[in-house]
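Student: I've got a new protein to look at, and I'd like to go through it with you. Can we take it one question at a time?

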Amino acid sequence: MNNGEYLTVKVGKENYTATVSVRNHTFYGDEPESVGGNNNGPNPYEFLLAALGTCTAMTVKMYANRKDWPLEEVVVHLSQSKEYAKDCLECEKATAKIDVIQKKIEFIGDLSEEQKKRLLEIAGKCPVHKTLTGEINIESTLAE
């Protein structure tokens with residue numbers, strides 16, 4: 001998204017069902033029924049993983065296209081979990097957990113091992129990956 005563009009999320013009477021609007025697209029997010037949602041869409045962490053996976057696949061495909069490499073398809077498998085932090089000197093609590101995202105990538109096409117290795121490096125350079133591993137400042141204000 002560019003400066004001035006907004007993605008809007010609304011949650012109303014449907015418990016946790018969120019209507020997401022961006023540009024000319026509308027889709028839904030929700031929680032599973034097991035936690036009081038209606039299961040009308042991905043949950044927030046699934047959206048986060050989708051953003052990372054989408055960015056990773058697109059970045060790799062763009063790079064392969066520029067190099068004219070025979071990459072036919074990129075498949076990104078993602079999962080997220082919270083694990084107890086080990087050797088965490090700066091954790092507030094001894095039982096603090098850290099988020100761990102597993103990203104397994106398949107490159108389909110007649111690629112050499114060297115090309116696959118390079119594409120794996122490029123996968124870590126996608127903008128969303130950089131955002132998630134960098135410093136993030138989130139500013140919340142009341143809308144007028």
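Student: Is Asn43 buried or exposed?
Tutor: Start with where Asn43 sits: in the loop between β3 and α1 (44-67), where helices (H or I, at least four residues) and strands (E, at least two) are DSSP runs numbered from the N terminus. Leaving out residues up to four places away in sequence, Asn43 touches Asp30 and Glu31, a contact being heavy atoms within 4.5 Å. Buried means under 20% relative accessible area, exposed over 50%, and partly exposed in between (1.4 Å probe, protein chains only). Asn43 has a relative accessible area of 16%, so Asn43 is buried.

Student: Before we go on, what kind of model is this?
Tutor: Local features need pLDDT of at least 70 and side-chain atom pairs count only at pLDDT 80 or more, while totals for chains, interfaces and linings use all residues, since the model is predicted. Residues are numbered from 1 along each chain as its sequence is written, and side-chain values use heavy atoms, with hydrogens and water left out. So the kind of model is: predicted.

Student: In what order do the elements run from the N terminus on?
Tutor: The protein has three helices and five strands. Reading from the N terminus on, the order is β-β-β-α-β-β-α-α.

Student: Which residue of β2 stands opposite Val9?
Tutor: Strand β1 (residues 7-11) and β2 run antiparallel and are joined by five bridges; two strands pair if DSSP finds at least two bridges between them. Strand β2 (residues 18-22) has a covered face made of Ala18, Val20 and Val22, and an uncovered one with Thr19 and Ser21. The residue opposite Val9 comes from the covered face: Val20.

Student: And what is the bridge partner of Thr19 in β3?
Tutor: β2 also pairs with strand β3 (residues 25-29), in the antiparallel sense and over five bridges. Those two strands form a hairpin with two residues between them, and Arg23 there takes a positive phi near 50°. In β3, the partner of Thr19 is Tyr28.

Student: Which residue in the turn between β1 and β2 has a positive phi?
Tutor: Most residues other than glycine have a negative phi. The β1 and β2 hairpin has six residues between its strands, and the residue you want is partly exposed, with a relative accessible area of 44%. Its phi is near 55°, a positive value in a residue other than glycine. In the loop between β3 and α1, Asn39 has a positive phi too, of about 60°, but the residue in your turn is Asn15.

Student: How many disulfides are there?
Tutor: A disulfide is a pair of cysteine sulfur atoms within 2.5 Å. Cys55 is in no disulfide, as the nearest cysteine sulfur, that of Cys126, is 3.1 Å away. Both residues count as buried, Cys55 with a relative accessible area of 12% and Cys126 at 0% relative accessibility. By this rule the count is zero.

Student: Which residues of helix α2 are exposed, on the side away from the buried ones?
Tutor: In α2 (residues 113-123), the buried residues are Gln115, Leu119, Ile122 and Ala123. They cover an arc of only 100° around the axis (using directions from the helix axis to the C-beta atoms), which puts them on the same side of α2. Their cover includes α1, β4 (71-84), β5 (97-109) and α3 (127-133). On the other side, the exposed ones are Glu113, Glu114, Lys117 and Leu120.

Student: Which residues does Gln115 contact, apart from its neighbours in sequence?
Tutor: Gln115 is in helix α2 and counts as buried, at 17% relative accessibility. Leaving aside neighbours within four places in sequence, its contacts are Trp69 and Asp110.

Student: How many residues are in the largest nonpolar core?
Tutor: A nonpolar core is a set of buried Ala, Val, Leu, Ile, Met, Phe, Trp, Tyr and Cys residues joined through side-chain atoms within 4.5 Å. The residues with the most contacts inside the largest one are Val60, Leu71, Val74, Phe107 and Leu119, and α1, β4, β5 and α2 each supply at least two residues of this core. Leu119 is in contact with Val60, Leu71 and Phe107, among others. The number of residues in this core is 13.
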